[in-house]
Amino acid sequence: MTGLRVIAGGLQTTVQDFGRPHVQHLGIPASGAMDRTALRLANRLVGNDEAAAALEIRVLGPTLEVTADSVRVALTGSRTPLEIVGEGTVADHRSVCLTRGQRLRVPALGDGALAYLAVEGGFDLPPVYDSLATFGRAGLGGLAGRALAEGDDLPLALASVESRVEQALAKPDYLDQSGPIRVVLGPQDDFFTAESLARFWASDFTVSSAVDRMGMRLDGPAFDHRGGHDIVSDGIALGAIQVPGNGQPIILLADHQTTGGYPKVGTVIGADIGRLSRLRPGAELAFEEVSVTEGEAAARTAEGEVQALFRRIAPAGAALDLARLADSNLISGVVSATPGDDGLSSAPLGR
């Protein structure tokens, strides 16, 4: 098998690309990566097309064994380092080349809910409606339409990769974005009392434990409906904020249904979807109303910031793992000044 063997699947690891938004009229959710910036960066670091499929990792990642001759991978979306089992760690937002028999592990994410692991060349999997994105509720796409599980073999498009200088993004400051989540009001804001809307803009909310790729339920001040909470089902957009009968808002994410019968108070703008998706249960957030024009301007600004991140990707410098050095029990204290291109920390020359 040319690929990666799954030793442990992690909490919820799925294959995701840009999804299949072009078939929503058939009732098929778009799916796809929830944080497109991180996906695009991971692919850039390993030399793929930006829209190529990668592994989307939620909270706790997988352990994978290389069964190809060699692979090149990069982890983004978090500042959590990638662990090469028994050998050391590799910094996030940095490519590394591994060879047959080596194992990599994505540990529990320390700073958010999502990360992406891209593999040079991508996965040798059959597309469904022109996408490899996994939609687990219907068993579509990805690897057998589900999250990775122990014992799976994940086939890769490349049996080996060429030796080259590894690439890195030294300062992933897109992870530091903060401030209110911006929302365009409507289309059914008239279903809620004026007092409810005022509370929505003025209050803090908490991400509840009821969050997955379909939606994020919030804890906070409840909405009061004017005259009922049912509407004739209409289309659902990514980021739509539905309010069911209990008054607690639900933000619909990548695997959202294509139509729904609850009123929608507003829609999170596209520029804030990635930042929203990185929030873990217990995280606090607030909202700010913007116009459609302001949302479009924010999208243009966000794309400019992504392009600036791409321009900052550069050949990776040597990175010394001090913990590993201390464990080596050096006598001479001498380490290699020119580590190889595999991206691992410098190995001692003498003991």
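In this predicted model, Ala 240 has Thr 267 as its bridge partner in strand 20. Ala 240 belongs to strand 17, which spans residues 240-242 and is joined to strand 20 by three bridges, the two strands running antiparallel. Strand 20 is also paired with strand 13 (residues 181-185), again in the antiparallel sense and over three bridges, and within this pairing Val 184 has Thr 267 as its bridge partner. Thr 267 is thus the bridge partner in strand 20 both of Ala 240 and of Val 184. Strand 20 itself, which comprises residues 264-268, is mostly covered, with five of its five residues buried.

A further set of strands forms an open sheet, in which five strands are arranged in the order 2-3-10-5-8 with antiparallel pairing. Strand 2 (13-16) and strand 8 stand at the edges of this sheet, and because each has a single partner strand, one side of each is left without a neighbour in the sheet. On average, and with direction ignored, neighbouring strands of the sheet are turned by 30 degrees against each other. At one edge, strand 2 pairs with strand 3 in the antiparallel sense over four bridges, and the partner of Gln 16 in strand 3 is Ala 54. At the other edge, five bridges join strand 8 to strand 5 (residues 70-76), these two strands likewise running antiparallel, and Ala 74 has Ser 95 of strand 8 as its bridge partner. Although strand 8 stands at an edge of the sheet, four of its five residues (95-99) are buried, so the strand is largely enclosed by the rest of the structure. Helix 1 lies across strand 2, strand 3, strand 5, strand 8 and strand 10 (114-119), and runs at about 145 degrees to strand 5.

Open and enclosed spaces were then examined. The largest pocket holds about 920 Å³ of space, and of the 39 residues that line this pocket, Gly 270, Ala 271, Asp 272, Ile 273 and Gly 274 are the closest to its centre. At least two lining residues are supplied by each of helix 1 (36-46), helix 3 (273-277) and helix 4 (292-312), with the largest share, 10 residues, coming from helix 4. By class, the lining of the largest pocket divides into 19 nonpolar, nine polar and 11 charged residues. Helix 1 therefore appears in two settings, as it lies across the strands named above and also contributes to the lining of the largest pocket.

The second largest pocket contains about 270 Å³ of space. Its lining is made up of 17 residues, among which Leu 175, Gln 177, Arg 275, Arg 278 and Leu 279 lie nearest the centre, and it divides into seven nonpolar, four polar and six charged residues.

A search of the whole structure for cavities of 30 Å³ or more finds one, and about 40 Å³ of space lies in the largest cavity. The residues that line this cavity are Gln 12, Thr 14, Glu 56, Ile 57, Arg 58, Leu 114 and Arg 213, of which two are nonpolar, two polar and three charged. Strand 3 (residues 54-58) provides the largest share of this lining, namely three residues, and the same strand is paired with strand 2 in the open sheet.

How values were computed. Residues are numbered from 1 along each chain as its sequence is written. This is a predicted model: local features need pLDDT of at least 70, side-chain atom pairs count only at pLDDT 80 or more; totals for chains, interfaces and linings use all residues. Side-chain values use heavy atoms; hydrogens and water are left out. On a 1 Å grid over the protein atoms alone, a cavity is a set of points where a 1.4 Å probe fits but cannot get out, and a pocket is an open set with protein on both sides within 12 Å along at least five of seven lines; lining residues have an atom within 4 Å of a point. Grid points are joined across faces, edges and corners, and a volume is the space filled by probe spheres set on the points. Ala, Val, Leu, Ile, Met, Phe, Trp, Tyr, Cys and Pro count as nonpolar, Asp, Glu, Lys and Arg as charged, and the others, Gly among them, as polar. Buried means under 20% relative accessible area, exposed over 50%, partly exposed in between (1.4 Å probe, protein chains only). Two strands pair if DSSP finds at least two bridges between them. Axes are lines fitted to C-alpha atoms, for helices over the stretch in contact, and angles run from 0 to 180 degrees between N-to-C directions. Contact means heavy atoms within 4.5 Å.
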